[in-house]
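Dear colleague,

Please find below the structure that I am handing over to you, followed by some notes on what was found in it.

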Number of protein chains: 2
Amino acid sequence: MDRPGTWQAVRAEALRRMRAGDWPPGGRIPDEAELAAEFGCARATVNRALRDLAEAGLLERRRKGGTRVPVTPIRKATFEIAIIRQDVEGRGQRHGYRLLEDALGPPPPEVLAALDWPEGAGMRHLTALHLADDRPFCLEHRWLDATVAPAEVSFDTISANEWLVRNIPYSGGNIAFLARPADGPAARALDCAPGDALLAVERTTFRDGAAITFVRLTYAPGHRVDATL
Amino acid sequence: MDRPGTWQAVRAEALRRMRAGDWPPGGRIPDEAELAAEFGCARATVNRALRDLAEAGLLERRRKGGTRVPVTPIRKATFEIAIIRQDVEGRGQRHGYRLLEDALGPPPPEVLAALDWPEGAGMRHLTALHLADDRPFCLEHRWLDATVAPAEVSFDTISANEWLVRNIPYSGGNIAFLARPADGPAARALDCAPGDALLAVERTTFRDGAAITFVRLTYAPGHRVDATL
DNA sequence: AAGTGGTCTAGACCACAAA
DNA sequence: TTGTGGTCTAGACCACTTG
């Protein structure tokens, strides 16, 4: 338990009341000032607790409208996106890396659409395999703005995944999960049968409003991505 | 832009400094009191800004250790988990629902392992299909503690997905993404070929430390789950 | 032992949206 | 118009953890 008077304690009590039915779905809960008086703490403490619950999707808050328990809450789940080496090492396995291809060339149409680049000017295409304890872990397929990583930068020993995180400090982007059948090259690289169902993650990274890289990570069969609810 | 003196403005400036290289990866940034003096705001405002960045994985903070820019940040991505009806309607489509099966019976071993139930006492097994504009959207396969939803509760017109969210106020759990080949029944229900690569989401929900339901949602081919980075 | 972030307080003003 | 959450302030004490 949390010591009383802390925002964690207020949050815990709010959760308890929702579970117990004291604050039923669709209903409005007392305002911050009332709760602060009841709990004997400052309004800022109540605010911190309720804001936390609202960020998780368990409460809906509006100025003047008050705070309500949603009828059908839209919960937020979060998952951690580490670089692949850390992901592998975090599982207690040894990370290996092999660069399979490094060439200049235009991406396929569906990738070009995601990037919104002018005719694919100066695009570097990388294919690499990540290993966990010498077994295939993940196939990295990446298109990269050549001005971001010029030809001098070699991805023989460090993956583009890691190089980018270390050298392009912060950047926004989007990310999506999907399932793909293994094509021929993927099946060979990941040591599975063509057509096998594989989990893939696609990410586009932007800097200053322009896309600088698109990557598709295709994981070996059986891979799961866990998130905390 | 944010008005100066707000925590959003402080966050924006911190991000700018990281991108610009003023605060390089691996380095330590000034402490809260210094930044508050520099920005002409209260320390609590700086704290709010830096805490927000730390929660996103862009900073690492430790008492006495100060605040550092991580060399290989572990970014947090969040995605929203709505009920399936809302998910479909949010895409501008009409949601449909068909209960395919409702029976009592023990779950397969791999599900039983996830649930940690004693011999599957009183388990209800539901299979349902969700439609978007009359086309297959998602196959819901659920095992449910029969004491949570007794036989009186009918899932003919409301999905277990929605019933649970409405009637079991708050509950913790875990969630995972994976890829699965379509088996025979799934291929028939989702109108695809057996063996097609399908995205699936598995969730176990707990209440008071005991699992109350396990669900596997298998989506129609081509489905993507987007998250915000 | 001491430095730094974590949090609480009491008060204030503001922004937004509902009535 | 007015109620409610959003945020800022100045100060204080505490908890952790590093040197």
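The second largest pocket holds about 510 Å³ of space in what is, please bear in mind, a predicted model. Its lining is made up of 24 residues, and those nearest its centre are Glu80(A), Ile81(A), Ala82(A), Asp87(A) and Val225(A). The elements of chain A that give two or more residues to this lining are E4, helix H4 (84–90) and the strands E8 (172–181), E9 (197–207), E10 (210–219) and E11 (225–228). By class, the lining of the second largest pocket comprises 13 nonpolar, 4 polar and 7 charged residues.

The largest pocket has about 1100 Å³ of space, and of its 33 lining residues the closest to the centre are Glu55(A), Ala56(A), Thr78(A), Glu55(B) and Thr78(B). H1, H3 and strand E4 (75–81) of chain A each supply at least two residues of that lining, as do helix H1 (7–20), H3 and strand E4 (75–81) of chain B.

Turning to the DNA, strand C is surrounded by 25 residues, the closest being Thr6(A), Trp7(A), Thr45(A), Arg43(B) and Lys64(B). These surroundings divide into 13 charged, 8 polar and 4 nonpolar residues, and H3(A) contributes the most, with 4 residues. Of the atoms of DNA strand C within 4 Å of the protein, 68% are sugar or phosphate atoms, the rest belonging to bases. A polar side-chain atom of Thr45(A) is placed 2.6 Å from a phosphate oxygen of the strand, and a side-chain N or O atom of Asn47(B) lies 3.4 Å from a phosphate oxygen, whereas Lys64(B) has a backbone N or O atom 3.1 Å from a base oxygen.

With best regards

Technical notes: Residues are numbered from 1 along each chain as its sequence is written. Chains are lettered from A and ligands numbered from 1 in the order in which they are written. This is a predicted model: local features need pLDDT of at least 70, side-chain atom pairs count only at pLDDT 80 or more; totals for chains, interfaces and linings use all residues. Side-chain values use heavy atoms; hydrogens and water are left out. A residue is near a molecule or strand if one of its heavy atoms lies within 4 Å of it. A polar contact is a pair of N or O atoms within 3.5 Å; within protein, one must be able to donate a hydrogen and the other to accept it, and residues adjacent in sequence count only if both atoms are side-chain atoms. Ala, Val, Leu, Ile, Met, Phe, Trp, Tyr, Cys and Pro count as nonpolar, Asp, Glu, Lys and Arg as charged, and the others, Gly among them, as polar. On a 1 Å grid over the protein atoms alone, a cavity is a set of points where a 1.4 Å probe fits but cannot get out, and a pocket is an open set with protein on both sides within 12 Å along at least five of seven lines; lining residues have an atom within 4 Å of a point. Grid points are joined across faces, edges and corners, and a volume is the space filled by probe spheres set on the points.
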